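This briefing goes through one protein chain, topic by topic. The model it describes is predicted.

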Amino acid sequence: MVFAPVASAQEKSVEELRAELQAKKERLKDTNARIKELQDKIQTEKSEARTLEDQIGVLDRNADILELEITRTIQEIDATKSEIGSVEREIEDKEEQIAAQKRLLGEYIRAMHNLDQQSGVTVFLKYQTFSEAVSEAATIEELQSRGQQTLFAILELRKQLEDKKHILEDFKQTLEELHARQEHQQQTLENQIASKQRILDLTNAQEAQYQTLLKEAQSAHKAAESEIRAIDAAIREELRKQGLGNLPSVGTMEWPVDPIFGVSCEFHCGGYPYAYLIGPHSGIDIPTYLGTPVKAAADGYVARVHDSGDNNYSYLMILHGDNVTTVYGHLSGFAVNEGQMVTRGQIVGYSGGIGRGAGLSTGAHLHFEVRSPNPVNPRKYLS
């Protein structure tokens with residue numbers, strides 16, 4: 001009797017699914033390349049933007065990028081669904097292999113049982129020669145060996161099956177997160193379009209009015225800069241007088257928001273669109289959804305909560321040990337009060353960049369600064 005493992009009937013289907021998945025990943029790669037191309041283009045446009053028409057163009061490009069981001073998310077959802085289908089098929093395949101190995105093991109056990117029912121004398125009397133009897137005894141040993149190997153194969157297949165089930169759960173979790181991201185991206189795109197419309201409505205397409213708005217925003221940002229410098233020194237001195245001067249050391253900071261879209265403008269980045277109004281970019285811009293909770297980057301003392309009350313610049317300022325200060329700009333809302341001690345990771349406000357608290361901004365993001373006491377590159381502190 002010849003015993004051999006049963007080949008999977010689903011092998012070809014799994015291969016076809018993998019080929020389909022690879023094609024989807026190639027399309028995703030093309031979308032990523034188009035996003036990169038648009039991002040490079042928008043950096044150039046930002047650095048050259050001076051008029052209302054220029055800024056509307058920047059907003060249009062931002063909307064184009066968001067639409068591509070949504071396309072990429074949809075493609076990732078599609079690819080993840082294919083991954084789920086492929087893994088589910090592989091799970092079916094593993095289950096069939098286990099069933100086949102179990103049937104094979106059953107055959108070995110039945111064969112050994114039948115042989116085991118015969119006594120040693122019976123075995124020898126069955127054959128005319130001693131060598132034939134020895135051959136049957138060897139068959140029993142071979143069956144025992146094959147049975148043990150099959151049992152090990154079943155255990156290994158079960159382990160692979162459990163691994164595949166864990167992978168499947170991970171993909172399903174990823175799919176849920178991608179659906180949530182798509183929803184947020186769609187909302188952000190609608191906010192971008194509304195932001196463009198607000199600029200047009202406010203200025204009635206009049207360049208002079210737009211330039212006036214720019215100057216007001218410029219004044220608000222410069223006032224905030226002066227206030228931050230003055231408050232930093234004054235409050236640290238007051239805390240020292242009260243015996244509270246030893247604020248927690250910062251060490252490595254936590255990202256105030258998850259950089260799911262990377263950093264759109266680095267410290268002193270060349271494409272900063274408002275450098276001609278307020279000087280080099282003093283922090284990093286982290287694109288995120290409007291209203292995203294903003295966390296304290298490190299333990300510290302809330303020195304300033306500045307709510308403009310309108311579309312001008314709103315920000316939060318936290319003092320830390322080692323003469324380090326963090327500033328969180330373009331906030332649309334706040335979760336703490338001045339004079340409060342906060343801990344690393346605690347929610348202190350909500351991101352803006354559009355509408356209330358936005359100031360000089362072309363889209364939803366968080367502006368994050370680290371000062372010691374002058375602005376330094378936040379990347380030195382972020383983990």
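**Open sheet**

Strands S2, S8 and S6 make up an open sheet of three strands, in the order S2-S8-S6, with antiparallel pairing. Strand S2 (293-295) and strand S6 (333-334) are the edge strands; each has a single partner strand, so one side of each has no neighbour in the sheet.

- Three bridges link S2 with strand S8 (residues 347-350), and this pairing is antiparallel.
- Within that pairing, Val294 has Gly349 in S8 as its bridge partner.
- In general, the strands of a sheet pair through backbone hydrogen bonds, in either a parallel or an antiparallel way.

**Overall make-up**

- Six helices and ten strands are found in the protein chain.
- The protein chain has 383 residues, and 43% of them count as buried.
- When contacts between residues at least 6 apart in sequence are taken, 75% join residues at least 24 apart.
- The protein chain has an accessible surface of about 19900 Å², and carbon and sulfur atoms account for 51% of that surface.

**Nonpolar core**

- The largest nonpolar core has 27 residues; those that touch the most other members are Met253, Leu316, Ile318, Tyr328, Val348 and Phe368.
- Two or more residues of this core come from each of strand S1 (284-287), strand S3 (300-306), strand S4 (315-319) and strand S9 (365-371).
- The most is given by S9, which contributes three residues to this core.
- Leaving aside residues up to four places away in sequence, Met253 touches Ala297, Ala298, Val324, Thr326, Arg344, Phe368, Val370, Tyr381, Leu382 and Ser383.

**Salt bridges**

- Ten salt bridges are found in a search of the whole structure.
- Side chains of opposite charge can pair when their charged atoms come close.
- Arg72 and Glu69 form one salt bridge, in which the closest N and O atoms are 2.5 Å apart.
- Both Arg72 and Glu69 belong to helix H2 (residues 52-116), where they are three residues apart, or about one turn of the helix.
- Arg72 has a relative accessible area of 18% and is buried; Glu69, with a relative accessible area of 6%, is also buried.
- Lys295 and Glu254 meet through their side chains in another salt bridge, at 3.2 Å from N to O.
- Because Lys295 is in strand S2 and Glu254 is in the loop between H5 and H6, this pair ties together parts that are 41 residues apart in sequence.
- Lys295 counts as partly exposed, at 26% relative accessibility.
- A salt bridge also joins Arg304 to Glu338, with 2.9 Å between the closest N and O atoms.
- Arg304 is in strand S3, while Glu338 is in the loop between S6 and strand S7 (341-342), so this pair ties together parts 34 residues apart in sequence.
- Arg304 is buried, its relative accessible area being 18%, whereas Glu338 counts as partly exposed at 43% relative accessibility.
- Glu254, Lys295 and Arg344 are joined into one network by salt bridges that share partners.

**Backbone geometry**

- Most residues other than glycine have a negative phi, and most peptide bonds are trans.
- His268 is not a glycine, yet has a positive phi of about 55 degrees.
- His268 sits in the loop between helix H5 (207-241) and helix H6 (275-278), and counts as partly exposed at 48% relative accessibility.
- Asp322, also not a glycine, has a positive phi of about 65 degrees.
- The loop that holds Asp322 runs between S4 and strand S5 (325-329).
- A cis peptide bond leads from Ser372 to Pro373, with omega near -15 degrees.
- Pro373 lies in the loop between S9 and strand S10 (375-376).

**Nonpolar surface patch**

- Leu151, Phe152 and Leu155 make a nonpolar patch of about 290 Å² on the surface.
- Leu155 belongs to helix H4 (residues 130-203).
- With a relative accessible area of 46%, Leu155 is partly exposed.

Conventions: Residues are numbered from 1 along each chain as its sequence is written. This is a predicted model: local features need pLDDT of at least 70, side-chain atom pairs count only at pLDDT 80 or more; totals for chains, interfaces and linings use all residues. Side-chain values use heavy atoms; hydrogens and water are left out. Patches are made of residues with over 30% relative accessible area and no salt bridge: like charges are joined within 9 Å, nonpolar side chains (Val, Leu, Ile, Met, Phe, Trp, Tyr) within 5 Å. Accessible areas come from the Shrake-Rupley method with a 1.4 Å probe; for residues, only the protein chains shown count as cover. A salt bridge is a side-chain nitrogen of Lys or Arg within 4 Å of a carboxyl oxygen of Asp or Glu. Helices (H or I, at least four residues) and strands (E, at least two) are DSSP runs, numbered from the N terminus. Buried means under 20% relative accessible area, exposed over 50%, partly exposed in between (1.4 Å probe, protein chains only). A nonpolar core is a set of buried Ala, Val, Leu, Ile, Met, Phe, Trp, Tyr and Cys residues joined through side-chain atoms within 4.5 Å. Contact means heavy atoms within 4.5 Å. Two strands pair if DSSP finds at least two bridges between them.
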